[in-house]
Amino acid sequence: MDMAFLGELLTSVADRGRALIGFERFLGSRSRPIDKLCEDLLSGRGEASGMALAQAVLEAWQGLDKPGRLAFFNMLQERFGPDHDRLDAAIEAYRAKPDAATISALHLAAEPRRQELLRRLNLAPEGTHVLVRMREALFEAMAAEPELKGIDDDFRHLFGSWFNRGFLVLRRIDWRTPANVLEKIIRYEAVHEIQGWDDLRRRLEPADRRCFAFFHPQLVDDPLIFVEVALTGDIPRSIGEVLEPERAILPAQQATTAVFYSISNCQEGLRGISFGNFLIKQVAEDLKRELPGLDTFVTLSPVPGFARWLADIAKEPGDLVLTNEERSEMARPAGETISLDDATKARRDKLLGQMMAQYMLQARTASGRVIDPVARFHLGNGARLERINVGGNLSARGLRESHGVMVNYRYDLDDIETNHEAFATRNTVVASSGVRKLLRPAAS
C-alpha cells in the first residue's frame, strides 16, 4: 500500500473521530489540559475517537516548551505508573493461587499505565514519528532528572517490538534515490563526513560502491540506519584509499572484498534499539547473491575510545613493561601534529599497534566489558578482529580519537555464530594470529 495514501487515510479517520465525539465542543473554548487528554485516551473510547484523542495529545505535546515537556515527563512518571491497588490485588491473588491465570493478571497489573498510553498515542497519524522525537526530548530531560529512566525503559520495551526486524525494509540507496532521502544521508552520516553532493555522488554512483538502508513503514523516506560499502580487490588499510576521489574504479564483477566502511544510526530517539547486526548480515548475503565472486566481508572501523584509554595507561601502565620513552610517547596529546624522522616514526607506529592489540584483546571496563563501543558492536555480531591499521585515519577526528589507528573486523559467514557465542558467553575476543602477535609481554 502507498504510504502517502495510508497516511491520508489515517488522518481522515482521525478527523472523522473528532466529528464523532464533537471534538471542539468536547475541548471547550480553551484547550483541555494535556493530562486530561491522556486520561480520556486511556478511558477507552472507540477506535476513531481514540485516534483523534491521540492526535490531540501529540499536537499538544509538540506545542510545549522545554519546561513544559519536562513537566509532561514528570506527570507520566508520577501519575501513569502501575495501578497500585490493582497490583496489590493481583499479588494477593497470585499468592493464593499461583497458576497461569493469576500470573497473567499479575503481569498486566505490573505494567505501567503509560505503556498503554504510548501504544494508544501510536494510533495517531504520524504517531510513531512524534514518539521517536518524544524520546529524544526524554534523553535531554533525563540529563537533569535521571529518575525519569523508568519512562525510557517503557519506550525501549515498546520500540523493541515496533521496530523489530520483521517490520524493517532494506532499500539500496543510489544516485537515482529521491533527493529528500539523499539529503538525509548527507545529514545523518556520522563516521566520515560527506562533503556535499559531489562527495555523495562519489560514494553512490560508481560501480564499485553500494549503500543500503533500513526503513520502517511508519517513518516514510526517513532511514533508520545505513551502511556504505566499497567493493575492492583486497582489504584496505586506510580510509584515505577508500575515499580517494581520483581512485581507479573497479568493475563490480572483479571485486573479491566488500568493505563496510561507515555505519550510521539516523534516529537519536531509537538509541539502544539494535538494527546494525541485521543490516550487515543481510547486506552481506544480498551482495553475495549479486556478486558470487565476493569471498571476503570486512569493515574498516574507527576506534573511538583508544586515545582516552592510552592517556590513562601512560599515567599508570599496570602489568605492561614500558620504557620511560614509551610512556612519554603515549602521553602525547591525541591529534598533535608532529614531524618525526623515519626511525622515530617506525618506533611510534610499532608502539601504537602493540597498544591497540592490548586495548582490544585484554583491556576491560570495571564491569569486565570490552571498552570500545564499536568493538562491542562488531564482536557481538560475530565478527573477528582481523587487522590493526596504524595510520588508517589521519583526519583531525581520527587522530583525536585513536591517534589515527583503524581496525578491520572480518565477517566470515560460516563463523559468525561461533564467534558471537564466544564473545557473548565468555567475553572472548576472536582475533587473527597477526593481531595476537602484537601483544606485549606482561611484567614478570
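Is the crossing of helix 8 and helix 10 left-handed or right-handed? In this predicted model, the crossing of these two helices is right-handed, and the pair offers a convenient place to begin. Helix 8, which spans residues 113-121, packs against helix 10, residues 149-162, at an angle of about 45 degrees, and their axes lie 10 Å apart. Since angles of 65 to 115 degrees count as roughly perpendicular and those under 35 degrees as roughly parallel, helix 8 and helix 10 are therefore described as oblique to each other. On the side of helix 8 the contact is made by Arg114, Gln115, Leu118 and Arg119, while helix 10 contributes Gly150, Ile151, Asp154, Phe155, His157, Leu158 and Trp162. Sorted by class, this contact of helix 8 with helix 10 holds five nonpolar, three polar and three charged residues.

A second helix pair follows further along the chain. Helix 11 (residues 179-188) and helix 12 (residues 196-204) pack with their axes 11 Å apart and at an angle of about 95 degrees, and the two are therefore roughly perpendicular to each other. Here Ala179, Leu182, Glu183, Ile185 and Ile186 of helix 11 meet Gly196, Trp197, Leu200 and Leu204 of helix 12, and the residues of this contact comprise seven nonpolar, one polar and one charged.

The last part of this account concerns strands. Strand 6, made of residues 384-389, is mostly covered, with five of its six residues buried. Strand 6 pairs with strand 7, residues 406-410, in the antiparallel sense over five bridges, and within this arrangement Arg384 stands opposite Arg410 of strand 7.

Terms used: Residues are numbered from 1 along each chain as its sequence is written. This is a predicted model: local features need pLDDT of at least 70, side-chain atom pairs count only at pLDDT 80 or more; totals for chains, interfaces and linings use all residues. Side-chain values use heavy atoms; hydrogens and water are left out. Axes are lines fitted to C-alpha atoms, for helices over the stretch in contact, and angles run from 0 to 180 degrees between N-to-C directions. Helices (H or I, at least four residues) and strands (E, at least two) are DSSP runs, numbered from the N terminus. Angles under 35 degrees count as roughly parallel, over 145 as roughly antiparallel, 65 to 115 as roughly perpendicular and the rest as oblique. Contact means heavy atoms within 4.5 Å. Ala, Val, Leu, Ile, Met, Phe, Trp, Tyr, Cys and Pro count as nonpolar, Asp, Glu, Lys and Arg as charged, and the others, Gly among them, as polar. Buried means under 20% relative accessible area, exposed over 50%, partly exposed in between (1.4 Å probe, protein chains only). Two strands pair if DSSP finds at least two bridges between them. A crossing is left-handed if the near helix is turned anticlockwise from the far one by less than a right angle, and right-handed if clockwise.
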